[in-house]
Every structure is written in C-alpha cells, then in structure tokens.
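Hi everyone, thanks for making time for this. I'd like to walk you through one structure, so please have the sequence and the 3D view open.

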Amino acid sequence: MGFDDRSYAAPVQRPSRFEGAPVTKALLWINIAIFVVDYFFLKSPKEHFPPLQQVGAFILNPDMSLGEPWRFLTYQFFHANLGHLFSNMIGLFVFGPMVERWWGSKPFAGFYFICGCIGALFFVLLASVGLLSPGGWLIGASGSLLGVLIAAARIAPNQRVMLLFPPIPLKLRTLAIAFLVFSVFTIMTRGNNAGGEACHLGGALAGYLFMQFPQSLAWLKNSQPIAQRARRPKPRKPYQPSTPPKLRPRPETLSTEREIDEILEKVHQKGLQSLTEREKQVLKNASKRS
C-alpha cells in the first residue's frame, strides 16, 4: 500500500455548510426558484406585479388578509427585485445553518415560518393604530430572517460577522441591536419601507420570545434545543464487578529468584562454605519470605 492510499494521508474534507441544515438549504432554493419563475417566465411587460405575487403577497387590508390566510405564509417567498432577494438570501445563508442546528430541522421550520407570520400580524397591528400609512404590499423573507438573526445573536452573541457594506466586523449582538434601532427609527419617522420595518420588528419579537421559551415549540418533534439536550445527564450503567486483573510478577522478583537459583546451584556444586556473606544473607531472607 502506497503512502497516498493510507487513510491518514487522504486530504481532509471540510463538512458542507448545510450539514445538519437541510431546511435552510431548501428555503434558499425555493426562494430563488420562485423569483426566477415569477419574474422571468410568468410576468408579462404589461403587468406591474408578477402573477404569483398577486396571489401570494400580503396586502395591508385586514379583511382581505384574514379572508385569505395563506398570504401570511406565501408572502415570505416573494421578493421585489434581485437586490431584495440577494440581501435576504445572504442573511439566511449566513445565519440559518447555525440556528437550524441549534433547534433541529423541524422546529427550525416552524420557528422560521411563525416568525414570518407574526411579522405580518405586527404589520397589520401598527397600521391599525396609525403608525403606518394606509395601504401596503408586503413581500419578502425579512420578517422570518430577523427572527433568525435574533436567535443567532442569542446563541453566539460575541461571534463576529463581516458586513458587506461597509466591510467592517461586528458582533452578532451589535448587529441585531443595530437592525432593531433602525427599524424603530424608520417606523417612527414614517420613512421609506416603514411597513417592511414593522414586519422586521414583529419577526424579531417572535424570535426573541421563542428563544426565551423554547418549549413553546414542544409540539414539534426534536424540539428540545441542542443547548438543553447537551445538559441532560447521561444514563449511568449499572455497576458490574470486574474480574480481578492478573497479577504479573515484578521485575525485581524475577531478578531475586534468578539469583537464588544461582546460589543454590553453587551450593550444590561447591558446598555451603563457598558462599559469600551477601549470598548467605540472600538465602536467609528468602527462607523468611517462604
């Protein structure tokens, strides 16, 4: 067997980023596929909005939204343009695998979609109290993504991430706080995309509450977070007395016995008077042990 054939000589393969995160991978592909189909295959030049968006976007009209409840879920898969899609998918790519591995895949799917639904509800709530302008059209995975970001900031608050623009490193906790402050400021000043920022706040609030009370997803299988599963005591094995180890003669004992044999052989050949004082003492000590 050559050196290159040995197992320890094989190159080390890094695990996939989506190892243990199949839901995140599926969400990325589904969002991209829906955008491509809606904009490049179904949208006609005369239409302002692509046809799938018209059916699935969340409209700021409580009667319509509550009468068509699927919009709470479907709006999370639509995006306004390539920049909108790219920014959301980058965030999901960076933070999704960490949070999914913490929760487990099925609870993470519930976590993700519920955060998006609560984001839409928060959108309606702030509009009903007059903090948002009447009318609106809500699309995008940002509400769900803000829940994921809050979860990631709770899991590893001091982990540093590099922003795309400006390219500066920030702790996850600092990044999450910055997003929340910006959302509140935009809503209070009725700035651009205030409705989207309301959805962000709703998703972030849901993410925080789920992380505070993780057993709220106990109705999903494997819902106990990794952090809690790791603290569970391992079951102890029942005590079983082991067989006593075999006693091995010490090297000193072997050396002494060999010396006694040589002394006895000398006595046999030359008599007792041929022994030295040390040899006589060795025989005397040996007789006491026996």
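Let's begin at N193, which counts as partly exposed, at 43% relative accessibility. One thing to keep in mind from here on: this is a predicted model. N193 lies in the loop between α8 and α9. Its phi is near 65°, a positive value in a residue other than glycine.

The loop between α8 and α9 (194-212) also holds R190. Phi of R190 is near 50°, again positive in a residue other than glycine. And how accessible is R190? It counts as partly exposed, with a relative accessibility of 47%.

Now step back with me to the protein as a whole. There are twelve helices and four strands. The chain has 290 residues, and 36% of them are buried. The accessible surface comes to about 18,700 Å², and carbon and sulfur atoms account for 63% of that. If you take the contacts with a separation of 6 or more, 67% of them are between residues 24 or more positions apart.

Next, a helix pair. Please find α7, residues 142-155, and α8, residues 172-188. Their axes are 8 Å apart, and they pack at an angle of about 145°. The crossing of α7 past α8 is left-handed. Which residues meet there? From α7 we have L146, L149, I150, A152 and A153, and from α8 we have L172, R173, L175, A176, F179 and L180.

Two of those names come back when we look at M98. M98 is found in helix α5, residues 82-103. Setting aside neighbours within four places in sequence, M98 is in contact with A152, I155, A156, Q159 and L172. So A152 of α7 and L172 of α8, which belong to the residues meeting between those two helices, both touch M98 as well. Is M98 buried or exposed? M98 is buried, because its relative accessible area is 17% and the cut-off for buried is under 20%. There is also a link across the sequence here: M98 and R17 are 81 residues apart in the chain, and their C-alpha atoms are 9.4 Å apart in space.

Let me move to the surface. There is a nonpolar patch formed by W29, I32, V36, V37, F40, F41, L42 and L52, with about 780 Å² of accessible area together. Which element gives the most to this patch? That would be helix α1, residues 22-42, with seven residues. W29 lies in that helix. W29 is exposed, since its relative accessible area is 57% and exposed means over 50%.

Staying with this part of the chain, have a look at F49. F49 lies in the loop between α1 and α2 (51-56). At 31% relative accessibility, F49 counts as partly exposed. Apart from neighbours within four places in sequence, F49 is in contact with Q54 and W137. F49 and A80 are 31 residues apart along the chain, with 8.9 Å between their C-alpha atoms.

For the charge fans in the room: how many salt bridges does the structure hold? The count is one. As a reminder, side chains of opposite charge can pair when their charged atoms come close. Here the partners are R71 and E68, and their closest N and O atoms are 2.4 Å apart. The two partners fall into separate accessibility classes. R71 is buried, because its relative accessible area is 5%. E68 counts as partly exposed, because its relative accessibility is 23%.

My last stop is I263, in helix α11, residues 251-270. I263 counts as buried, with just 3% relative accessibility. Who are its contacts, leaving aside neighbours within four places in sequence? They are L275, E279, V282 and L283. For one of these, L275, there is a distance to go with the contact: the C-alpha atoms of I263 and L275 are separated by 7.7 Å, while the two residues sit twelve apart along the chain.

That's my tour. Please bring your questions, and feel free to rotate the view while we talk.

Technical notes. Residues numbered from 1 in each chain as written. Predicted model: local features only at pLDDT ≥ 70, side-chain atom pairs only at ≥ 80, totals over all residues. Heavy atoms only, no water. Patch = residues over 30% accessible without salt bridge, like charges linked within 9 Å, V, L, I, M, F, W, Y side chains within 5 Å. Areas by Shrake-Rupley, 256 points an atom, 1.4 Å probe, with all protein chains shown as cover. Salt bridge = Lys/Arg side-chain N within 4 Å of Asp/Glu carboxyl O. Buried < 20%, exposed > 50% of the residue type's maximum accessible area, 1.4 Å probe, protein only. Axes fitted to C-alpha atoms, helices over the stretch in contact; angles between N-to-C directions. Left-handed = near helix turned anticlockwise from the far one by under 90°. Contact = heavy atoms within 4.5 Å.
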